[in-house]
Amino acid sequence: MELQFLGHACFLLTDGIYRVLTDPFLTGNPLAAVSADETAADFIFVTHGHSDHTGDAVAIAQRTGAAVCCSVDLADGVFAPAGVQVQVGNLGGRIPMPFGSAKFFQAIHGSGVPGCLSCGFIFEMDGKKIYHAGDTALMTDMALLAEENIDVALLPIGDVFTMGPEDALRAAKMIQPKLVVPMHYDTFPPIVQDAEAFAQAVREAGFQAKVLRPGEGLQI
Ligand code: NI
Ligand code: MN
């Protein structure tokens, strides 16, 4: 499978058949690798209701017919009223998907929608597990992920609104993934970070890390 970083918390996961897009904040993102009009997807996973995560989800879903996959509350509050196809779950739940599955994992963060909880996702695709943390603070629950045998952990490092690099390093030590990829940094001045320094610190802790420039991808 291939994982491509499109900027901020937006990734495209593909197994050669299905295209899974996460948190497609492209319009208005100065570092977006693609425009919303040229982005195709079969499923769009959205972690929470802040605009730097919902982004272009409705527009892309309307244009492509992709289903928006999110918590029940986010679907009820944002996506169902917009008339797009939704597929829902909630924290702790795993939903079977044509490409494998997606499990809703807790995140400590506001959601932007009253009564709605923010989440992360554990995707299973092509025999690999990808943890997209969403926006979150460091939490000891991440230690539970060590038993999930995560191949790639996508961790926010921007600080201010989410974990910063030091807490993301502590998260990596708890999760013990094969590879760490930082996200949610540099998009706006308050969250500018030295991603390479973070990656080096992760390597020194004994894990692999890769900084992806927007548009860059890797085979897993
Ligand atoms: Ni947020
Ligand atoms: Mn955010």
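Visitor: What makes the seven strands E6-E5-E4-E3-E2-E1-E14 an open sheet?

Guide: In this predicted model, 7 strands line up in that order, with mixed pairing. Strands are DSSP runs of E, at least two residues long, numbered from the N terminus, and two of them pair if DSSP finds at least two bridges between them. Strand E6 (86-89) and strand E14 (217-219) stand at the edges with a single partner strand each, so one side of each has no neighbour in the sheet.

Visitor: How do you know that strand E4 and strand E5 pair?

Guide: Count the bridges: 3 of them join E4 (residues 43-45) to E5 (residues 67-71), and the two run parallel. The cut-off is at least two bridges, so E4 and E5 count as a pair. Phenylalanine 43, for instance, has alanine 67 in E5 as its bridge partner.

Visitor: Which strands does helix H2 lie across?

Guide: Helix H2 (residues 57-64) lies across strand E3 (19-22), E4 and E5, at about 170 degrees to E4. A helix here is a DSSP run of H or I with at least four residues, and contact means heavy atoms within 4.5 Å. Angles run from 0 to 180 degrees between N-to-C directions, using lines fitted to C-alpha atoms, for helices over the stretch in contact.

Visitor: Where is the other sheet's edge?

Guide: A second open sheet runs E7-E8-E9-E10-E11-E12-E13, again 7 strands with mixed pairing. Its edges are strand E7 (94-97) and strand E13 (208-209), each with a single partner strand, so one side of each is left free of a neighbour in the sheet.

Visitor: Why are Asp52, His53, Asp135 and His184 called donors of the manganese ion (ligand 2)?

Guide: Donors are N, O and S atoms within 2.8 Å of the metal (3.2 Å for Na, K and Ca); water is not among the atoms, so sites may look incomplete. The OD atoms of Asp52 and Asp135 and the NE2 atoms of His53 and His184 coordinate the manganese ion at 2.2 Å, so they qualify. The nickel ion (ligand 1) is 3.3 Å from the manganese ion, and aspartate 135 coordinates both.

Visitor: How are residues, chains and ligands labelled, and which atoms count?

Guide: Residues are numbered from 1 along each chain as its sequence is written, while chains are lettered from A and ligands numbered from 1 in the order in which they are written. Local features need pLDDT of at least 70 and side-chain atom pairs pLDDT 80 or more, totals for chains, interfaces and linings use all residues, and side-chain values use heavy atoms, leaving out hydrogens and water.
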